[in-house]
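Work through the exercises below with the sequence and the structure at hand. Each task is followed by its solution.

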Amino acid sequence: MTADPATDDRLPRRGVPLIDGVEKVTGRARYTADLDHADALVGRILRSPVSHGEIVRLGVSKARALEGVFAVVTGDDCPYTYGVLPVAMNEYPMARERVRYRGEPIAAVAAVDAETAERAIHLIELEMRRLPAYYTSAEARAPGATLLHDDKPGNIEREVHHEFGNWQQGFATADLVREEKISCAEVNHAQIEPHACLADYDPTTERLTVQSVSQVGYYLHLMLARCLEMDASRIRIVKPSIGGGFGARVEVLNFEIITALLARSAAGKVLMRLSREETFLTHRARPQTDITLRLAMRRDGRITACTCEVVQRGGAYAGYGIVTILYAGALLQGLYDIPAVKYDGYRVYANLPPCGAMRGHGSVDTRHVFECLLDRMARDLGLDPFAVRRANLLHAPTRTMNDLIVNSYGLPECLDRVECASRWHDRIGKLPDGKGLGMACSHYVSGAAKPIHWTGEPHAVVNVRLDFDGGITALTGAADIGQGSSTMVAITVSETLGVALNRVRVIAADSAVTPKDNGAYSSRITFMVGNAAIDAAKKLKAILVDAAARKLEARPDDIKMVGENFCIGSGEQASLSFAEVASAALVDRGAITVSGTFTCPPDAQGGRHKGGAVGSTMGFSYAAQVVEVSVDDATGTVTVDKVWAALDCGHAINPLAVEGQIQGSVWMGMGQALCEETRYIDGLPAHASLLEYRMPTIAESPPIEVHIVESHDPYGPFGAKETSEGALASFPPALVNAIANAIGIDFNELPVTPDRVMEALIQRRRQARLASALKAAT
């Protein structure tokens, strides 16, 4: 009785526009900074002027005495740490006794206007004793280095050592062994909307309402209750429209807690709007990473072993660091069939803004190095890069050596699609000088199979309500941050019920109304929330079918839906409209609300080894890309001429949105590969604005030919898997491999900027002249 989008030809396969799209393109969407704040105080933060130091004296009496100042808060007002991981909460909203990065919050004020708030900030008296500051992993790990955290010897937040299979034998029996050390720069999310938070505290009811840019309203709820010592029932979290996230907002951020502290202290409403520089300082992006990878391969291209060492510079606090360093090793597997893996990972503290999760969390840099080395070894053995990938394919369903489940596997078709579309074999090695082709593969999880905060509750809950008006309302705590999750919920509910899409409205992410959801991270929403939405819609449909059967005096099994009509059999007999059936279902019970849930089964939640839950998922997406480039040997400029990208998303619930997500992943990968780099000068970001932080613009964006591959995952909603992250990690290596094909130089540092290209070209010319001179001399 339920339409199956995987097979039903009546469904629009091009997809539908996002249900909030019109509001956004017409400017009607209300972001946090757009909310009604006419009666709100203005919040400002005093930030540390040094990268590492002890707070000797903090005087706020002059600031408090300034007319128009309603609240001043410091670290003394919050003695509790916060963080996204229960085992790694080592950060205070405002520093207590010691600061660990330049720009760390020390105090904050709330005043009648911005000018008064700024004056109050300048009246705060601060004395500090400087401590040694470390800006690289090597400096922080050096013998005798001052510890950033007394309980973390060697400034190591977490080290990981995993071994699977006999890697020593794999190296001993290989025909080719090669090692590369590659460095990937720290990059920022650079989302278009700066951070902002609006907090309103009612002293009469002792209730707090917070509207913020958060992707994880549930975690924000937990941390506000913890840091403000409030009963969680007195806190309400509402998500306005969000102008991008990409991981920047998947953990609770210091300014959100600070704003709430100010609101309670002022007994009113406070708006905190961070500048772009402050948004960069809040950071939480992809860490600078040094990777040493060693692969063993037979002459037919079959990988026999892999060892990998990863060193991540994680910044001053834990954040997602433990998960990031575990992901880097876990997701070496799940893409190819590798018989033996040894992984050593080190997450290092440094006196810089904390890093965190960013699109493709934990996997992008290690995948880049792996795919680059695969190409170089293929070249050494005289093998085609596509042939090497095909020599190492998995066969689903299967489990990897680190106990990751692979239930569906569309990588072979992804490879076929981009190989054919790019005319790879007709063109590789035959392009004009300075032009080249490169390829690479990648994958990503469809949500973490084990939640961060294990409560025993379902991984996702969706409530679906039917009332007297015949409208269907889906209530979900899932945060739509531009990826289209609310549209996905609307489609899954409408298709399961068999009703028109415009009959369904979605209310999302208001803790007073919607059920709890863990948040928008790790591409979990389509798989988990989508399944929960289908479960709820099936329950509501059963109620409607029973009501139709009673009214038509038929058995429920005989009821069919044609359009929005309920009928017996083919519909030649009596039928009822949706409105009639809805009215019948409401008799004696009134408004109907059903709850749908989804929980990953225990056997999908990772291996028994330490950290084995990280990387586990119900379904991996798979991607293959071909990139065509032109390299200007006079300027070192690399131009991306075209990209062919294929992604196995299981089933494209909304193909229009899937295509956009793949294009966005490619574009973000292009930024990391070509130009994005967060550099620091004495601990401050050197490029803390969107004018200075170099990103590709529409002028540099190449044609991106998207191919959607549908492997129909057996457990995904209508067979669907994630679509927004899997294609990112294959772009940087495909680009570097294309540059090597164009000019014969392998690059071991990202981004591949024009100055680095020119330096490599000049070095090659010098070596050629030297070789020529030596030859002439002999």
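## Exercise 1: Cis peptide bonds

P397 sits in the loop between α11 (385–390) and β16 (398–399). Helices (H or I, at least four residues) and strands (E, at least two) are DSSP runs, numbered from the N terminus. The model is a predicted one, in which local features need pLDDT of at least 70 and side-chain atom pairs count only at pLDDT 80 or more, while totals for chains, interfaces and linings use all residues. Residues are numbered from 1 along each chain as its sequence is written, and side-chain values use heavy atoms, with hydrogens and water left out.

Task: describe the peptide bond from A396 to P397, then the one from L750 to P751.

Solution. Step 1: the bond from A396 to P397 is cis, and its omega is near -5°. Step 2: the bond from L750 to P751 is cis, with omega near 0°. Step 3: P751 belongs to the loop between β31 (749–750) and α19 (754–777). Step 4, for background: most residues other than glycine have a negative phi, and most peptide bonds are trans.

## Exercise 2: Positive phi

Task: find the loops that hold E229 and F718, and state whether E229 is buried or exposed and whether F718 is buried or exposed.

Solution. Step 1: E229 has phi near 50°, a positive value in a residue other than glycine. Its loop runs between α6 (217–227) and β11 (235–238). Step 2: the cut-offs are under 20% relative accessible area for buried and over 50% for exposed, with partly exposed in between (1.4 Å probe, protein chains only). E229 has 58% relative accessibility, so this residue counts as exposed. Step 3: F718 is not a glycine, yet its phi is positive, at about 60°. The loop of F718 lies between β30 (704–709) and α18 (731–743). Step 4: F718 counts as buried because its relative accessible area is 13%.

## Exercise 3: The sheet β22-β23-β24

Task: give the pairing of this open sheet and name the helices that lie on it.

Solution. Step 1: two strands pair if DSSP finds at least two bridges between them. The three strands have the order β22-β23-β24 and pair in the antiparallel sense. Step 2: β22 (559–562) and β24 (575–577) are the edge strands, each with a single partner, so one side of each has no neighbour in the sheet. Neighbouring strands are turned by 25° against each other on average, direction ignored. Step 3: β23 (residues 565–568) and β24 are joined by three bridges. Within this pair, C567 has S575 in β24 as its bridge partner. Step 4: helix α16 (residues 578–586) packs on the sheet and touches β23 and β24, with its direction at about 85° to that of β24. Helix α15 (residues 525–552) lies across β22, β23 and β24, at about 55° to β23. For these angles, axes are lines fitted to C-alpha atoms, for helices over the stretch in contact (heavy atoms within 4.5 Å), and angles run from 0 to 180 degrees between N-to-C directions.

## Exercise 4: Strand β5 and its partners

Task: how many residues of strand β5 (residues 105–111) are buried, and what stands opposite A107?

Solution. Step 1: seven of the seven residues of β5 are buried. Step 2: β1 (residues 41–47) runs antiparallel to β5, joined by six bridges. L46 stands opposite A107. Step 3: β3 (residues 69–74) also pairs with β5 in the antiparallel sense, over five bridges. On that side, T74 is the bridge partner of A107.

## Exercise 5: Nonpolar cores

Task: which residues have the most contacts inside the largest nonpolar core?

Solution. Step 1: a nonpolar core is a set of buried Ala, Val, Leu, Ile, Met, Phe, Trp, Tyr and Cys residues joined through side-chain atoms within 4.5 Å. Step 2: the largest one has 156 residues, and L224, F370, L411 and L735 have the most contacts inside it. Step 3: leaving aside neighbours within four places in sequence, L735 is in contact with V627, V629, V638, V640, A673 and L674. Step 4: another core, of 59 residues, lies apart from it and includes I568, L576, M618 and I653.

## Exercise 6: Cysteines

Task: how many disulfides does the structure hold?

Solution. Step 1: a disulfide is a pair of cysteine sulfur atoms within 2.5 Å. Step 2: the structure holds zero disulfides. Step 3: the cysteine sulfur closest to that of C184 is in C372, at 8.4 Å, which is too far for a bond. Step 4: C306 is in no disulfide, and the nearest cysteine sulfur, in C308, is 5.8 Å away.
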